[in-house]
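Visitor: Please take a close look at one exposed turn of this chain. Then work from there into the rest of the fold.

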Amino acid sequence: MSLTKNDFISKIKACTVHLTFDTTFHCNMECPICIANAGPKISKDKNIPTKDMEYYANQPNIGNILITGGEVSTLGLDYFRDAAFICADSGHQTVIKTNAKWVREENAADYADVIYQLSKKYNDIQILEKTKFANFGVDISVGKDHENSNEYALEFLTLLPDKNSKSFEYNLHFVASDYAEARNFQRNLESYGMRVNLKGYIVSPGCNVFGKITQLERIIKLGRARINNIGETPAPLAIKTTDDLLNQIMDRGRDTGKESVCLDFYPNGFVYLIDCDMNFLAGMRYKENNVPMDLEQIVIRLAENAYAKHLR
Ligand code: SF4
């Protein structure tokens, strides 16, 4: 063990904090690859209040913010708008993940307008200059495992007032077996002037599309992905020293080039310290007497919990 407990906690405390808001686990789809086990049967009653998101998005030392679920649009247009604006207006790179099924709703144009307004508002802000990410992006999963999401995503484009919005950042998630389809879809979007990132999911370690994909994530076997045997089984945690634990905690933030930790806020009022294999290294309630705790206090407490849990 090379670091003392205090040094370990100081290092975690100094990290940039990436925030994920799992706003709800309710979803209007029930995909076989869902790692969150989200679906229509999960109640919408438990969700993250947008006031809490505002509080944390504006704390010091934040990196980037992901608004996800479940499906955030099922919480209604006002929630969708507030969440997106609150996070993006905090000045941090923000991505909203949606399956875009709302394009078939009566007020689809209003949902599209939220995304359009934000993509315009943050047109010129380049937070991560190196990789040219915009400050606001939308992330839509496509492919056969996501219902008709290819059609939903294309229908979304028809709702935009400006079809040549180069400011738009569009991440496409797909599983590796859908690579050819996703590539065609990417070309289609780019013909509208969209910036498009392909973010492939590995399904089988032997898949030969790895080299062609610009960014690669992994489906970790969790939730329905595990039930349906889709994705990779994460390597067992091998934590023996403070360095091992530190590496595990900081792993997820490495691609941003900063020493980072990732916190995942859940709709049940808990916050978790996670790594990139979605290992839950520590967890706690983020409110005391219904008042959100300061992020620095949360990070310190989670670091202490992780230390106690893994290095006992
Ligand atoms: S993968 Fe996404 S769209 Fe599909 S059920 Fe899960 S949260 Fe919903």
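Guide: Asn290 is exposed, because the count of other C-beta atoms within 10 Å is just 6. With C-beta atoms placed from the backbone, a residue is exposed if 12 or fewer others lie within 10 Å of its own, buried if there are 20 or more, and partly exposed in between. The model is predicted, so local features need pLDDT of at least 70 and side-chain atom pairs count only at pLDDT 80 or more, while totals for chains, interfaces and linings use all residues. Residues are numbered from 1 along each chain as its sequence is written.

Asn290 lies in the loop between strand 11 (287–288) and strand 12 (291–292). Strands here are DSSP runs of E with at least two residues, helices are runs of H or I with at least four, and both are numbered from the N terminus. Although Asn290 is not a glycine, its phi is positive, at about 70°. Asn229 likewise has a positive phi, near 55°, and is a residue other than glycine. Asn229 sits in the loop between helix 7 (223–227) and helix 8 (242–250), and Asn229 is exposed, with 10 other C-beta atoms within 10 Å.

Positive phi values also occur in two hairpins that involve strand 9. In the hairpin of strand 8 and strand 9, with 4 residues between the strands, Gly269 has a positive phi near 90°. In the hairpin of strand 9 and strand 10, with 5 residues between the strands, Met278 has one near 60°. Strands count as paired if DSSP finds at least two bridges between them. Strand 8 (residues 260–265) and strand 9 run antiparallel and are joined by 4 bridges; in this pairing Asp264 has Tyr272 of strand 9 as its bridge partner. Strand 9 and strand 10 (residues 280–285) are also antiparallel, with 5 bridges, and Ile274 stands opposite Phe280 of strand 10. Of the 5 residues of strand 9 (residues 270–274), 4 are buried, so this strand is largely enclosed by the rest of the structure.

Strand 3 (residues 94–97) is covered on both faces: Thr94 and Ile96 on one side, and Val95 and Lys97 on the other, are all buried. In a regular strand, side chains alternate between the two faces of the sheet. Strand 3 pairs with strand 2 (residues 62–68) in the parallel sense, over 3 bridges, and Thr94 is the bridge partner of Ile65. In the loop between strand 2 and helix 3 lies Gly70; the peptide bond from Gly69 to Gly70 is cis, with omega near 5°.

That loop leads to the helix packing. Helix 2 (residues 50–57) and helix 3 (residues 77–89) have axes 9 Å apart, at an angle of about 5°. Helix 2 is therefore roughly parallel to helix 3. Axes are lines fitted to C-alpha atoms, for helices over the stretch in contact, and angles between N-to-C directions run from 0 to 180 degrees; under 35 degrees counts as roughly parallel, over 145 as roughly antiparallel, 65 to 115 as roughly perpendicular, and the rest as oblique. The contact is formed by Thr50, Met53, Glu54 and Ala57 of helix 2 with Tyr79, Asp82, Ala83, Ile86 and Cys87 of helix 3, where contact means C-beta atoms, placed from the backbone, within 7 Å. These residues divide into 6 nonpolar, 1 polar and 2 charged. Nonpolar covers Ala, Val, Leu, Ile, Met, Phe, Trp, Tyr, Cys and Pro; charged covers Asp, Glu, Lys and Arg; the others, Gly among them, are polar.

Helix 3 also meets helix 4 (residues 108–121): their axes come within 10 Å and cross at roughly 5°. Helix 3 contributes Leu77, Phe80, Arg81, Ala84, Phe85 and Ala88, and helix 4 contributes Asp110, Tyr111, Val114 and Leu118. This contact has 8 nonpolar, no polar and 2 charged residues.

As for the whole protein, there are 9 helices and 12 strands, and 43% of the 312 residues count as buried.

Methods: Two residues are in contact if their C-beta atoms, placed from the backbone, lie within 7 Å.
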